[in-house]
Amino acid sequence: MPLQSPSARPRLTTLVTVGVSATVLLTVLSLLILVDHFAIAYARNEAQQRLQQLSWQMRDSLNNVVRKATGDVQLLTELPQVRAATSPAEVRQILESLQKTFPDYAWIGLTDADGKVFAATQGVLEGVDVSARDWFKDGRDKIYAGDFHPATLLGKKLPVSSDPWRFVDAAGPLLDPAGNYRGVLCVHMSWGWARRMVHTILAPADHQYSADIFVVRGDGTVMLGPPGTEETKLSSDSLKLAQGGASGSLKETWADDRSYLTGYARSGDPDDPATLTWSILVRQPEVLALAGARALERQILMLGAILGVALALAAAVVARRMTRPLNALSHAIEQRQAASADNPVLPVLPPIPGSDNYHEVQVLSRALAALLRDEQHHLDALRGLNEKLESTVAERTREIARKALQLERALAQEQSTQQLLQERAAELRAILDNAHDAFIALDPGGVVREWNLQAERLLGWKRNEVIGQPMAAMMLPPLLRRAYERDMRLLADRASAAAAVMSRRIELTLHNRAGQELPVEVSLAYVPRSSGHLFIAFLHDISERKSLFASMEEMALKDTLTGLPNRRALMQALPDALQRANRTRQSCAVFFLDLDRFKQINDRHGHDEGDELLRQFAQRVRAAVRKTDTVGRLAGDEFIVIIEMLHNDEAAQEAADNLLQILREPFVLKTTSMTLSASIGIAIHHPDDPQDTEALLSRADRAMYRHKQQSALQRARR
Ligand SMILES: Nc1nc2c(ncn2[C@@H]2O[C@H](COP(=O)(O)OP(=O)(O)OP(=O)(O)O)[C@@H](O)[C@H]2O)c(=O)[nH]1
């Protein structure tokens, strides 16, 4: 099994440890972020709700006090003792009784109809004209609550206090028992109750939360607030919301650039003059409001970090433990890799350790061990094969070297053979070009493949005109051309037949380029080749031989003295004549002529004159018969005449008589003139007679002999 070389990539242990640790840390961090987010949000929400509730609490307290004051004014104005009182003392007693129930009523007084104080607690301001006061003006018609204001006249009459006197007024009209307007009853509440109220409300949480309560008038002036803020103008989002009648809480930045959570609400009812419309703001620094959540956040962070580190360590331990068997496998594989690197061909590999730690590793280690056992077996087998292969390779190498040597020799041989062939080819070309005969080579399709100089001379076509052209057939006479093409196809199909038919000489008459007939003797040969058979032909011009042969033939058949056909020619002509007779159904006659006493002429006039006589005799006989008749010299002074197309037997005799008559005319020789006679023997061949030339000649000879005896007898008688 091929193994990759160890790379610089991180190990599984590292990856698992880092992965698990990172996952744990990320999880803890995520949880922290979530916890932080929700805890802070929760704490902020809680603080805001608390501050809102404080603002509501302060609002309700203020409303209650104002409502109590206006209620007390309402109660007093409805008391019959007050309505019917005639002396200030009566009224003063009642007013002071009320003052005792609520010490924050700094002053309670009743004016007359014109605004002069009729009676007051402790007699303060009695007889003083207060008709210019708002509470008097507004209190004449209805129950009225007057806004926070500094004490003008009353402050000087009341005992000195640490806190300057500030009052909130409640006033209402007083009617006499008859129902007529009598004056205005007014209660001045000192502002101290509000400050106490703040302490009461904030007492449980003030120390813990450092909350501040602001009571703000409609014009934004702080009536009640932490030190330094009272009598100052305030502007904030919460104030605007409260002045609009809303209540709730929000986070905002105040003028000191600190972030605060602020609860806000509004007291009173703008449409009800018996109430006071103030804005109540309860603020707390956000830092302090969220201090508990921040502390929780720090604790969670610390615990989270500890937990993360602990879990990461645990993960590392678990990862190391889980990957230990895999590491062992990996280590074993690396050792095998190193062994393979040391001996790349046939390594001796260490075994793979077994592992039963858990199922997957068990399966993996067993599978790997089995796989590597197989590999070891294969390697062992491969080792054997390798050794065998090496010996085979060595053997093959020797064989290849041997073959290479043989090949080298063969190539050298081939080279010399090629050279020899080229020389032979050049020789052959020279031989062919200088050959006496024309040389033509044809492929099985009759296409010219070779054409030497002699062929150019003999046939007229240049070599470059005919090579590759089916010119061979063009040279043959039309009658032979078709037979040639048929034979070429036959020979091309049957090489054995070709070999048998070839290698022999034939005579042909060809046409040269000018269209003239040219008798040639052709030597044909069949050359079998792997790249297509060749038919080669040597053409020898036999024009001269033909003409010589013809003249010799002629000489062989002609009598040299007279120029007539000789005995041999007669022996050839006679059977033809007999056949014609049979064919034409007309008889023919054979005349056997013999000069009488010719020996004496020779003896007397010489042999030359004898020859001359024979020549003239021959011409005369030749001229005496038809051209279609045959005249020949048999020997010496013996001649044969073949008369054909006889109408009847008598016509033969008539022809003989006519001939004898002509021969009796004198012959003029060189030295003398003479007359002579000849004997003629006639033998007639009828169409149905047997074709026996010897018998016919014999008959003619005998007839001539008889004729000659009769002539001799007649001469003796004379
Ligand atoms: N000048 C000459 N004489 C020839 C030639 N051939 C044969 N003779 C002679 O012709 C003669 C023929 O003789 P014959 O036919 O036997 O005798 P003949 O004298 O004719 O007598 P008959 O035939 O019996 O009348 C011989 O003397 C031959 O020598 C020839 O070519 N030229």
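**Exercise 1. The faces of helix H19**

Which exposed residues are carried by the face of H19 turned away from its buried side? Work from the helix as a whole to its two faces.

*Solution.* The structure is a predicted model, in which local features need pLDDT of at least 70, side-chain atom pairs count only at pLDDT 80 or more, and totals for chains, interfaces and linings use all residues. Residues are numbered from 1 along each chain as its sequence is written.

Step 1. Helices (H or I, at least four residues) and strands (E, at least two) are DSSP runs, numbered from the N terminus. Helix H19 covers residues 649-663; at 1.5 Å a residue its 15 residues should span 21 Å, and the 22 Å between its end C-alpha atoms agrees with this. The expected span is 1.5 Å times one less than the number of residues.

Step 2. A residue is buried if 20 or more other C-beta atoms lie within 10 Å of its own, exposed if 12 or fewer, and partly exposed in between, with C-beta atoms placed from the backbone. By this criterion Ala652, Ala655, Ala656 and Leu659 are the buried residues of H19.

Step 3. Viewed down the axis of H19, the buried residues fall within an arc of 100°, so they line one face of the helix. The arc is that of the directions from the helix axis to the C-beta atoms. An α-helix has 3.6 residues a turn, so residues three or four places apart point the same way.

Step 4. The face turned away from the buried side carries the exposed residues Glu650, Glu654, Asp657, Asn658 and Gln661.

Step 5. The buried residues of H19 pack against strand S16 (587-595), helix H18 (607-624), strand S18 (638-646) and strand S21 (678-685).

**Exercise 2. Helix H20**

Which residues of H20 are buried, and what covers them?

*Solution.* Step 1. Helix H20 (residues 693-717) has 25 residues and reaches 36 Å from its first C-alpha to its last, close to the 36 Å expected at 1.5 Å a residue.

Step 2. Its buried residues are Leu696, Ala700, Ala703, Met704, His707 and Lys708.

Step 3. The cover over these residues includes S16 and S21.

**Exercise 3. The five-stranded sheet and its core**

In what order do the five strands of the open sheet lie, and where does H1 pack on the sheet?

*Solution.* Step 1. The order is S7-S6-S10-S9-S8, with antiparallel pairing. Two strands pair if DSSP finds at least two bridges between them. The edge strands, each pairing on one side only, are S7 (222-224) and S8 (248-253). From one strand to the next, the twist averages 35°.

Step 2. Helix H1 packs on the sheet and touches S6, S8, S9 (259-266) and S10 (279-285), its direction making about 35° with that of S9. Axes are lines fitted to C-alpha atoms, for helices over the stretch in contact, and angles run from 0 to 180 degrees between N-to-C directions.

Step 3. Consider the pairings. Strand S6 (residues 212-216) and S7 are joined over two bridges, and valine 216 has valine 222 as its partner in S7. Five bridges join S6 to S10, where valine 215 is partnered by isoleucine 280. S9 and S10 pair over seven bridges, with leucine 261 opposite glutamine 284 in S10.

Step 4. Six of the seven residues of S10 are buried, so this strand is largely enclosed by the rest of the structure.

Step 5. A nonpolar core is a set of buried Ala, Val, Leu, Ile, Met, Phe, Trp, Tyr and Cys residues joined through C-beta atoms within 7 Å. The largest has 72 residues, and Ile213, Val215 and Ile280 have the most contacts inside it. Helix H1 (residues 12-78) supplies the largest share of this core, eleven residues. Apart from it lies another core, of 40 residues, including Ala589, Leu593, Leu634 and Leu696.

**Exercise 4. The surroundings of valine 168**

Is valine 168 buried or exposed, and with which residues is it in contact?

*Solution.* Step 1. Valine 168 belongs to strand S4 (residues 166-175).

Step 2. With 25 other C-beta atoms within 10 Å, valine 168 is buried.

Step 3. Two residues are in contact if their C-beta atoms, placed from the backbone, lie within 7 Å. Leaving aside neighbours within four places in sequence, valine 168 is in contact with Gly146, Phe148, Met189, Trp191 and Leu276.
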